[in-house]
Amino acid sequence: MKNKSTICVHSGSLEDTQFKGAVSPVFPSTAYAYEGTDITRYPRYFNIPNQRAVEKKMAQLENTEEALSFSSGIAALMTVFLSFLRTGDHIILQEAIYGGTYDAVLKEFERFNIEVSFCKGNAMEIAAEIKDNTRVIFIETPSNPLLELTDIEAVASLAKEKNIISVIDNTFASPINQNPHDLGIDIVVHSGTKYLGGHSDICCGVATMTEEHKEVVKETGIHFGGSLDARTAALLERSLKTLEIRIERQNKNALTLAQALEKEPWIKNVYYPGLPSHPQHSLAKKQMSGFGGMLSFDVAIDPTRFTSQLRLIKAVVSLGGVESTISSPVKTSHARVDITEREKMGITPALLRLSVGIENADDLINDLKEAAN
Ligand SMILES: *Cc1c(COP(=O)(O)O)cnc(C)c1O
């Protein structure tokens with residue numbers, strides 16, 4: 001299977017040998033026979049049927065050999081990091097990343113004596129941070145909330161040259177819009193809670209990689225215990241069947257909204273990689289096959305009043321659902337970041353982040369315009 005739409009629907013599906021049903025059966029068992037079987041199955045060992053089904057689909061969608069499913073995006077990220085880091089090692093992270101990842105690394109790695117450096121998401125600044133003990137480089141693109149891009153291929157080749165593991169958070173793009181393994185990245189991580197799940201009702205994470213890396217990550221993953229339960233794995237498999245059509249609609253809607261919002265007098269800046277006005281639009285065209293459903297903008301009106309007047313678009317945390325949602329980064333994802341630090345990054349109270357859903361684009365534009373009045 002080569003085409004993503006077909007992979008989404010069919011890859012990894014489990015056969016219902018008992019009743020010949022059309023879809024994967026759900027196997028909730030946590031206890032499996034150990035005699036006469038060539039593998040000891042147990043949920044925490046990442047090897048029960050519904051985990052394997054969704055992992056196979058994700059590995060194919062990211063165009064690599066293997067995948068592991070986790071109980072959250074952070075479980076996936078922390079397990080991947082700690083699989084390759086030991087006491088005395090060093091990790092370099094892009095500074096503009098998901099707040100939860102930033103916090104987790106900053107607060108947890110000190111106790112293991114793992115050195116942490118944050119820098120701008122470009123190969124030159126990352127290269128300047130590399131030391132003899134650097135083991136992992138981590139990037140996230142497009143970034144939250146300003147949709148800045150990191151040149152994936154440049155960072156991947158730098159890491160390869162220095163024999164460092166490269167890890168990317170591909171949550172915002174999804175495997176439909178961006179496939180970092182094709183650009184040389186070792187490990188791709190998703191918060192499945194967002195686009196992969198797509199309906200704002202499951203919490204999960206996925207990491208994709210080669211068979212060889214999987215053996216390493218699985219070993220640590222078994223010890224940290226962040227595996228995904230069978231029922232959620234089955235829901236994730238179901239969600240992924242519609243991933244491509246959801247993302248295609250979200251790409252289209254987001255571009256339509258970004259173009260419309262750019263013309264509104266009450267909006268100062270629109271940040272969307274698909275707009276020719278985006279400073280990295282040419283990089284976006286080079287490394288993304290679609291520009292995604294996330295955009296942000298600065299308003300010249302009272303942002304709190306504006307979001308409270310929206311009827312269709314919900315002001316909630318999180319993103320990636322079929323329903324459009326909006327959030328204020330200073331009140332949510334970046335609430336704990338120091339104010340001067342925040343303003344330096346360009347994140348002010350005027351900034352709003354929109355996760356565009358699959359609704360009718362005109363209805364969404366009208367909702368935004370009416371709320372601004
Ligand atoms: C939500 C999110 C995470 C964390 O995922 P959880 O499923 O909440 O643990 C990591 N990275 C990005 C970009 C996210 O949006």
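**View 1. The second largest pocket of the predicted model and the residues that line it.** In this predicted model, the second largest pocket has a volume of about 160 Å³. Its lining comprises 13 residues, of which Thr307, Ser327, Ser328, Lys331 and Leu352 are the closest to the pocket centre. Helix 12 (303–309) and strand 11 (325–327) each contribute at least two residues to this lining, and helix 12 gives the most, with three residues. Sorted by class, the lining of the second largest pocket holds seven nonpolar residues, five polar residues and one charged residue.

**View 2. The open sheet of five strands, with helix 10 lying across part of it.** The five strands follow the order 8-9-12-11-10, and their pairing is mixed. Strand 8 (267–271) and strand 10 (314–315) are the edge strands, each of them pairing on one side only. Strand 8 runs antiparallel to strand 9 (residues 294–299), and four bridges join the two; in strand 9, Ser296 is the bridge partner of Tyr271. Helix 10 lies across strand 8, strand 9 and strand 12 (351–355), and runs at about 15° to strand 9.

**View 3. The crossing of helix 10 and helix 14.** The axes of helix 10 (residues 243–262) and helix 14 (residues 361–372) come within 10 Å, crossing at roughly 35°, and the crossing is right-handed. Helix 10 enters the contact through Asn253, Thr256, Leu257, Ala260 and Leu261, while helix 14 brings Ala361, Leu364, Ile365 and Leu368. Counted by class, the residues of this contact between helix 10 and helix 14 are seven nonpolar and two polar, with no charged residues.

**View 4. The open sheet of seven strands and its edges.** The strand order of this sheet is 1-7-6-5-4-2-3, again with mixed pairing. Strand 1 (66–70) and strand 3 (115–119) stand at the edges, and each has a single partner strand, so one side of each is left without a neighbour in the sheet. On average, and with direction ignored, neighbouring strands of this sheet are turned by 20° against each other. Strand 6 (residues 187–191) and strand 7 (residues 205–209) pair in the antiparallel sense over four bridges, and Gly205 in strand 7 is the bridge partner of Ser191.

**View 5. Helix 2 and helix 3 packed on the sheet of seven strands.** Within this sheet, strand 6 and strand 7 form an antiparallel pair. Helix 2 (residues 49–61) packs on the sheet by touching strand 1, strand 6 and strand 7, and its direction makes about 130° with that of strand 1. Helix 3 (residues 73–84) also packs on the sheet, where it touches strand 1, strand 2 (90–94), strand 4 (134–140), strand 5 (165–169), strand 6 and strand 7; the direction of helix 3 makes about 155° with that of strand 6.

**View 6. Backbone geometry at two cis peptide bonds and at Phe46.** Most residues other than glycine have a negative phi, and most peptide bonds are trans. The peptide bond from Thr141 to Pro142 is cis, with omega near -5°, and Pro142 is found in the loop between strand 4 and helix 6 (152–161). Asn144 and Pro145 are likewise joined by a cis peptide bond, with omega about 0°, and Pro145 is found in the loop between strand 4 and helix 6. Phe46, in the loop between helix 1 (4–10) and helix 2, has a positive phi, near 55°.

Terms used:
Residues numbered from 1 in each chain as written. Predicted model: local features only at pLDDT ≥ 70, side-chain atom pairs only at ≥ 80, totals over all residues. Heavy atoms only, no water. 1 Å grid on protein atoms, 1.4 Å probe; cavity = no way out; pocket = protein on both sides within 12 Å on 5 of 7 lines; lining within 4 Å. Points joined across faces, edges and corners; volume = space filled by probe spheres on them. Nonpolar A, V, L, I, M, F, W, Y, C, P; charged D, E, K, R; others polar. Pairing = 2+ DSSP bridges. Axes fitted to C-alpha atoms, helices over the stretch in contact; angles between N-to-C directions. Contact = heavy atoms within 4.5 Å. Left-handed = near helix turned anticlockwise from the far one by under 90°.
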